[in-house]
Amino acid sequence: MVALFGLLDWPDVLDVLAHDGPTELISRVRAIKAVDPSCMKWARNKRSDDATAVYAA
């Protein structure tokens, strides 16, 4: 979200994790990837991959 997609900054990512949890953050990443299935807008090696997010407050 931060480096590749540039859609959130780190404070925003932490806010999503704190208020909505890791599942929401992963859902947002998957939604972004779904709009670019050919990996042309956001260059990456494959359409999607495994996802893990951990937030410890």
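The following dialogue introduces a predicted model of a protein chain.

Visitor: How many helices and how many strands are there in the protein chain?
Guide: The model is predicted. Its C-alpha atoms fill a box of roughly 35 × 20 × 15 Å along the principal axes. Within the protein chain, the count is zero strands and two helices.

Visitor: At what angle do the axes of helix H1 and helix H2 cross?
Guide: Helix H1 spans residues 10-20 and helix H2 spans residues 22-34. Their axes come within 7 Å of each other. H1 and H2 are therefore oblique to each other. The crossing angle is roughly 130 degrees.

Visitor: Which residues in H2 are met by residues in H1?
Guide: On the H1 side, the residues involved are Val13, Val16, Leu17 and Asp20. The residues of this contact of H1 with H2 comprise five nonpolar, no polar and three charged. On the H2 side, the partners are Pro22, Glu24, Leu25 and Arg28.

Visitor: Is valine 13 buried or exposed?
Guide: Valine 13 lies in helix H1, and Val13 is one of the H1 residues that meet H2. Its relative accessibility is 5%. Because buried means under 20%, valine 13 counts as buried.

Visitor: How far apart in space are valine 13 and tryptophan 42?
Guide: Valine 13 belongs to helix H1. In sequence, valine 13 and tryptophan 42 are 29 residues apart. From C-alpha to C-alpha, the separation in space is 19 Å.

Visitor: What is the relative accessible area of alanine 18?
Guide: Alanine 18 is also found in helix H1. In sequence it is 13 residues from alanine 31, and their C-alpha atoms are 20 Å apart in space. Alanine 18 is partly exposed, and its relative accessible area is 41%.

Visitor: Which residues are the closest to the centre of the largest pocket?
Guide: The largest pocket has a volume of about 280 Å³. Its lining has 15 residues, and by class these are nine nonpolar, two polar and four charged. The closest to the centre are Val29, Lys33, Asp49, Asp50 and Ala51.

Visitor: With which residues is lysine 33 in contact, leaving aside its neighbours within four places in sequence?
Guide: Lysine 33 is found in helix H2, and Lys33 is among the residues closest to the centre of the largest pocket. At a relative accessible area of 13%, lysine 33 is buried. Beyond its sequence neighbours, its contacts are Phe5, Arg44, Arg47, Ser48 and Asp49.

Visitor: Which residues does leucine 4 touch, not counting those up to four places away in sequence?
Guide: Leucine 4 is found in the segment before H1 and counts as partly exposed, at 39% relative accessibility. Leucine 4 and arginine 44 are 40 residues apart in sequence, yet 8.6 Å apart in space from C-alpha to C-alpha. Not counting its sequence neighbours, leucine 4 touches Trp42, Ala43 and Arg44.

Visitor: What is the phi of cysteine 39?
Guide: Cysteine 39 has its place in the segment after H2. With a relative accessible area of 13%, cysteine 39 is buried. Although cysteine 39 is not a glycine, its phi is positive, at about 60 degrees.

Visitor: Is valine 54 buried or exposed?
Guide: The segment after H2 also holds valine 54. Valine 54 and methionine 40 are 14 residues apart in sequence, and their C-alpha atoms are 28 Å apart in space. The relative accessible area of valine 54 is 71%. Because exposed means over 50%, valine 54 is exposed.

Visitor: What percentage of contacts between residues at least 6 apart in sequence join residues at least 24 apart?
Guide: The protein chain has 57 residues, of which buried residues make up 28%. One contact across a long stretch of sequence is that of leucine 4 with Arg44, residues that are 40 apart. Among contacts between residues at least 6 apart, the share joining residues at least 24 apart is 42%.

Definitions and conventions:
Residues numbered from 1 in each chain as written. Predicted model: local features only at pLDDT ≥ 70, side-chain atom pairs only at ≥ 80, totals over all residues. Heavy atoms only, no water. Axes fitted to C-alpha atoms, helices over the stretch in contact; angles between N-to-C directions. Helix = DSSP H or I, 4+ residues; strand = E, 2+ residues; numbered from the N terminus. Parallel < 35°, antiparallel > 145°, perpendicular 65-115°, else oblique. Contact = heavy atoms within 4.5 Å. Nonpolar A, V, L, I, M, F, W, Y, C, P; charged D, E, K, R; others polar. 1 Å grid on protein atoms, 1.4 Å probe; cavity = no way out; pocket = protein on both sides within 12 Å on 5 of 7 lines; lining within 4 Å. Points joined across faces, edges and corners; volume = space filled by probe spheres on them. Buried < 20%, exposed > 50% of the residue type's maximum accessible area, 1.4 Å probe, protein only.
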